[in-house]
Amino acid sequence: MKRLLLSLAAVVVAMSLTGCDFVEGFISGWKEAGATAVTDNTSAGLVAGLPAQKASVNGNTITYGDHTYTIVSDIDVNTKEYKKPTASVTFSNIPSGYAEFEAVYNGLLGKSIAGTAAMIPMAIELYARDAEVGERCLDLLCNGDATVSNITRILKTKLVPSQYAPENDSYIQRYMAAALLKGAVNTNAYTPERPYTVEMTMSPNGVREAPLMGGDVTYIYILANGWDTNQRGVDVFLPYDTEYYKVANCPSCYVQCKNIRGTWAGLK
């Protein structure tokens with residue numbers, strides 16, 4: 001042990017670094033190598049990030065590595081069915097990090113109403129794994145800083161334990177993203193069906209022009225059974241002169257859901 005300590009000391013001296021400089025240099029190199037700081041050290045909570053790669057689009061499916069995302073059916077704005085699913089998006093995994101989230105959004109999902117709304121639980125889960133990564137994803141997904149601020153203000157208290165709400169406090173709901181997925185209910189410890197599925201339909205509010213916002217807003221519901229009512233409102237905004245939709249509002253997607261029964265297994 002004494003030899004090992006002497007060897008390490010020699011390395012530090014040879015590198016002409018102070019102890020703080022050495023640690024800072026090590027962390028800088030670690031970050032440059034693509035590591036991501038995480039707030040959840042469980043295997044289901046790590047945000048390792050797949051190596052950067054090109055997303056491949058085939059029809060209504062986009063593939064990133066071995067992860068797939070499919071728009072099974074998009075929102076029909078003319079439907080009068082407000083309580084049962086008329087649109088759905090499936091995905092094999094939560095995106096591994098911001099690079100994948102961005103590639104999936106830009107490559108396919110952000111170009112549809114259903115695809116954009118389906119990325120809400122992905123962003124919430126990424127925020128729970130790493131707040132910085134999750135906020136970047138929300139910056140991309142949402143229509144402005146105010147929307148992102150409204151979401152993160154709640155998520156940081158609902159997903160991250162603190163001295164005021166420790167991990168075993170019922171107010172902390174680490175499983176919140178899973179509550180938005182098909183098949184997940186509190187009585188099965190919020191275990192969703194695989195592939196993960198987000199089911200949606202229109203809201204009676206329909207589509208409205210929003211000239212002050214600079215586009216049109218489509219009002220839809222994510223249908224999920226983690227709450228007393230399964231209609232979770234989402235306002236999807238399409239700015240003029242762009243093909244990419246944005247989330248303008250979705251407060252009922254991150255409000256307190258039913259408390260879990262059992263132990264949550266996490267999301268892949």
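A residue is called buried when its relative accessible area is under 20%. By that cut-off, buried residues make up 45% of the 268 residues in the protein chain of this predicted model.

The protein chain has 6 helices and 8 strands. Along the sequence these elements follow the pattern α-α-β-β-β-β-α-α-α-α-β-β-β-β. Among the contacts in the protein chain with a separation of 6 or more, 60% are between residues 24 or more positions apart.

**Helix α5**

Helix α5 covers residues 131–141, and V133, G134, C137, L138, L140 and L141 in this helix are buried. Seen down the axis of α5, these buried residues fall within an arc of 160 degrees, so they line one face of the helix. A general rule helps in reading such a list: an α-helix has 3.6 residues a turn, so residues three or four places apart point the same way.

What lies over the buried residues of α5? The cover includes three helices and a strand, listed in the table.

| Element covering buried residues of α5 | Residues |
|---|---|
| α3 | 98–107 |
| α4 | 113–129 |
| α6 | 145–158 |
| β8 | 246–249 |

At the start of α5, a side-chain oxygen of D130 comes to within 3.0 Å of the backbone nitrogen of E132.

**Helices α3 and α4**

Two of the elements that cover α5, namely α3 and α4, also meet each other. Their axes come within 12 Å and cross at roughly 170 degrees. Angles over 145 degrees count as roughly antiparallel, and therefore α3 is roughly antiparallel to α4. On the α3 side, the contact is made by F101, V104 and Y105. On the α4 side, M119, M122, A123 and L126 take part. What kinds of residue form this contact? They divide into 7 nonpolar, no polar and no charged.

**Residue S92**

S92 is found in the loop between β4 (residues 87–91) and α3. Is S92 buried or exposed? The relative accessible area of S92 is 14%. The limit for a buried residue is under 20%, so S92 counts as buried. The side chain of S92 makes a polar contact with the side chain of N93, at 2.8 Å. Leaving aside residues up to four places away in sequence, S92 touches D66, H67, T68, R194 and Y196.

Terms used:
Residues are numbered from 1 along each chain as its sequence is written. This is a predicted model: local features need pLDDT of at least 70, side-chain atom pairs count only at pLDDT 80 or more; totals for chains, interfaces and linings use all residues. Side-chain values use heavy atoms; hydrogens and water are left out. Buried means under 20% relative accessible area, exposed over 50%, partly exposed in between (1.4 Å probe, protein chains only). Helices (H or I, at least four residues) and strands (E, at least two) are DSSP runs, numbered from the N terminus. The arc is that of the directions from the helix axis to the C-beta atoms. Contact means heavy atoms within 4.5 Å. A polar contact is a pair of N or O atoms within 3.5 Å; within protein, one must be able to donate a hydrogen and the other to accept it, and residues adjacent in sequence count only if both atoms are side-chain atoms. Axes are lines fitted to C-alpha atoms, for helices over the stretch in contact, and angles run from 0 to 180 degrees between N-to-C directions. Angles under 35 degrees count as roughly parallel, over 145 as roughly antiparallel, 65 to 115 as roughly perpendicular and the rest as oblique. Ala, Val, Leu, Ile, Met, Phe, Trp, Tyr, Cys and Pro count as nonpolar, Asp, Glu, Lys and Arg as charged, and the others, Gly among them, as polar.
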